[in-house]
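Me: I'm new to this one and would like to learn how to read it. Can you walk me through it piece by piece?

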Amino acid sequence: MSALITLSHGSRHPEAALGIEALTRKAAALAGATSYEAAYLDFHETDLEAAAQRVAAAGQREAVVVPLLFTQGYHLRVDVPEAIDRAAHSAGLRLLQGEGLGTGADIAELLAARAMAPQTGKKPQHLVIYAVGSSDEKANSAVRDLAANVESLTHLPTSVVFATRGGKEGVAKQVRRQGEVRVLPLFSTAGLLLDLLADSPAQVDSPLGTDLAGVVADRFAHAAGLSTQTHMLAQIG
């Protein structure tokens, strides 16, 4: 069985790494991974090379890297593959890139389940998906598509506010327009951009955290399963 390495962007927030480590631990347990590590692209001493070296030192020969990224932005398209290449060479470990978290049906269902769960306060009249935002408009469009899917599942009007494009004021505007608003953060862990909503007039959910464990385990199993299939085909050939 392959090891699991999660790879997130990283954050200066003091609680961010704790959330990622808890998510990684739960995902590894669900997936039955033999070992696991949490790695970061930035703002943390455990980069992917360090994580891969620890996995190799534990006797593993292969690991699946699951990027904890929601959109196909620059980080997923460029930074992640480059980091995997460097780490594989440095650690002498076979690293397989799993799919990112994405904005597909499983994420929509997770957000919808959260939206429909009871919460202290009045029932929301409007949902807001609060995402980081990207310079890549395709990535932003994917989040808007996600909002449309959540709306179809919850039957509640759902819009998007990007933290880097409107942020706190964007959420406040939705409250003024819509009344009771519930914010669903598209964040895997705590972050400074999410802290901007600390005094928001909206109901703000916590980051997705360990609720993503099943999604991460699925990404791991898919990548590890394809690796096994490829190895079997090679033996047959």
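Reply: Sure. Keep in mind that this is a predicted model. A good start is burial: 50% of the 237 residues of the chain count as buried.

Me: What about the secondary structure, how many helices and strands does the chain have?

Reply: There are eight helices and eight strands.

Me: And how do I judge the overall shape?

Reply: Set the radius of gyration against what a compact globule would have. With 237 residues that would be near 18 Å, and the chain has 19 Å, which agrees. You can also look at the extent of the C-alpha trace, which spans about 60 × 35 × 30 Å along its principal axes.

Me: What share of the contacts joins residues 24 or more positions apart?

Reply: Among contacts with a separation of 6 or more, such pairs account for 75%.

Me: Next, the inside. Which residues have the most contacts inside the largest nonpolar core?

Reply: Leu111 and Leu186, in a core of 41 residues. Several elements each supply at least two of these residues, including strand S2 (36–40), helix H4 (105–116) and helix H8 (213–236). H8 gives the most, with seven residues. There's also a second, separate core of 19 residues, and Leu48, Ala51, Ala83 and Ala91 are among them.

Me: Can we zoom in on leucine 186? What is it in contact with, beyond its neighbours within four places in sequence?

Reply: The partners include Leu111 again, along with Phe70, Ile107, Tyr130 and Leu208.

Me: Let's try threonine 6. Is threonine 6 buried or exposed?

Reply: Compare its relative accessibility with the cut-off: under 20% means buried. Threonine 6 has 0%, so it counts as buried. This residue lies in strand S1 (residues 3–8). Sequence neighbours within four places aside, threonine 6 is in contact with residues including Ile20, Glu37, Ala39, Val66 and Val216.

Me: Are there backbone angles I should look at?

Reply: Yes, look for a positive phi at a residue that isn't glycine. Phenylalanine 43 has one, about 65°, and this residue sits in the loop between S2 and helix H2 (48–57). Histidine 155 has one too, about 60°, and its place is in the loop between H5 and strand S6 (158–162).

Me: How do phenylalanine 43 and histidine 155 count for exposure?

Reply: Phenylalanine 43 counts as partly exposed because its relative accessibility is 34%. Histidine 155, at 68%, counts as exposed.

Me: Last one: what does the surface add up to?

Reply: The chain exposes about 11,500 Å², and carbon and sulfur atoms supply 52% of that. As for charge, the mean positions of the 20 positive and 25 negative charges are 5 Å apart.

Technical notes: Residues are numbered from 1 along each chain as its sequence is written. This is a predicted model: local features need pLDDT of at least 70, side-chain atom pairs count only at pLDDT 80 or more; totals for chains, interfaces and linings use all residues. Side-chain values use heavy atoms; hydrogens and water are left out. Helices (H or I, at least four residues) and strands (E, at least two) are DSSP runs, numbered from the N terminus. The radius of gyration is taken over C-alpha atoms; the globule rule is 2.2 Å times the number of residues to the power 0.38. Buried means under 20% relative accessible area, exposed over 50%, partly exposed in between (1.4 Å probe, protein chains only). Contact means heavy atoms within 4.5 Å. Accessible areas come from the Shrake-Rupley method with a 1.4 Å probe; for residues, only the protein chains shown count as cover. Lys and Arg count as positive and Asp and Glu as negative; His and the chain ends are not counted. The place of a charge is taken as NZ of Lys, CZ of Arg, CG of Asp or CD of Glu. A nonpolar core is a set of buried Ala, Val, Leu, Ile, Met, Phe, Trp, Tyr and Cys residues joined through side-chain atoms within 4.5 Å.
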